[in-house]
Amino acid sequence: MKQQAITVAAACLFCSASAAAELTSTFTLATNYLFNGVTLTQDGPAVQPSLDWNSGQGWYGGLWASNVSFDPRADIEFDGTLGYYLDLGADWALDLGVAQYSYHGSSTASAFNYPEAYIKLSYANTKLSYWYANDYFGAGGGHYILMLTQVFQLTDDITLTVSADRSTSTDTTKFLRDNDGTYHHWRSALSGQWQGLSWVLAYDNTDLELPDLGEPTWSFGLAKTISWF
């Protein structure tokens, strides 16, 4: 599901609770699956379906899946999210939730599974988000991500979303993504609608020092959302 806008569905960044309950599915085809600027499909395409429920009273939940190829033991990621969105008034909002990431494809793929909690505070088109996992990718070490996001409405149909985030491992003996356990990722994404489809064109980059991770990457995605009720 991923907290960073890695799918076209993530173009809906500042969504509020609706008056009536909704159940929708989004089917996304993306040229890459980027998680915090790091490809999880070895720069290959990804198919990403979701099932999303909104209670209309603040509670929401979702299921999300994607093909992955970051490790020979895993070829499918399957995630679940449960959260609560609170409209604070005067353009302020608070979003709290938990997510469970799970991986499949072999008898040992579940070693990467981990839970995560998040809190997001937004004002108008600006959002500050924080995620924490105490067993990041099943490695046994803590990890947190802090992200600042800004949305610009360029035209009636085109939106520019820019974000910057910092990923930090609290125990580098358990999980070390970069030489010192910390790296930064930034992203710019244009999104819009075309022929009943949502589209996103994005550029991601990082300051990762490890080879073949977090390279400058362009990606494109198309998505179709179906409303069940």
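Accessible areas here come from the Shrake-Rupley method with a 1.4 Å probe.

**View 1. The whole chain of this predicted model, built from strands.** Let's start with the overall picture: the protein chain has 14 strands and zero helices, so its pattern along the sequence is β-β-β-β-β-β-β-β-β-β-β-β-β-β. The protein chain exposes about 11,200 Å², with carbon and sulfur atoms supplying 61% of that area. Of its 229 residues, 45% count as buried. Among contacts between residues at least 6 apart in sequence, 49% join residues at least 24 apart.

**View 2. The aromatic pair of Tyr 114 and Tyr 136.** The structure holds 15 aromatic pairs, and here is one of them: Tyr 114 and Tyr 136 meet edge-to-face, 5.2 Å centre to centre, with 65° between the planes. Tyr 114 belongs to strand 8 (residues 114–123), while Tyr 136 sits in the loop between strand 9 (126–133) and strand 10 (143–153), so the pair ties together parts that are 22 residues apart in sequence. Both Tyr 114 and Tyr 136 are buried.

**View 3. Tyr 136 with Phe 137, and the ring cluster.** Tyr 136 also pairs edge-to-face with Phe 137, at 5.1 Å centre to centre and 90° between the planes. Why do both count as buried? The cut-off is under 20% relative accessible area; Tyr 136 has 1% relative accessibility and Phe 137 has 8%. Ring pairs link these two residues with Phe 35, Phe 70, Tyr 101, Tyr 103, Phe 112 and Tyr 114 into a cluster.

**View 4. Lys 120 over the face of Tyr 118.** Finally, look for Lys 120 at 4.9 Å from the ring centre of Tyr 118.

Key
Residues are numbered from 1 along each chain as its sequence is written. This is a predicted model: local features need pLDDT of at least 70, side-chain atom pairs count only at pLDDT 80 or more; totals for chains, interfaces and linings use all residues. Side-chain values use heavy atoms; hydrogens and water are left out. Rings of Phe, Tyr and Trp (its six-membered ring) pair if their centres lie within 6.5 Å; planes under 30 degrees apart count as stacked, over 60 as edge-to-face and the rest as tilted. Helices (H or I, at least four residues) and strands (E, at least two) are DSSP runs, numbered from the N terminus. Buried means under 20% relative accessible area, exposed over 50%, partly exposed in between (1.4 Å probe, protein chains only). A charge sits over a ring if NZ of Lys or CZ of Arg is within 6 Å of the ring centre and within 35 degrees of the ring normal. Contact means heavy atoms within 4.5 Å.
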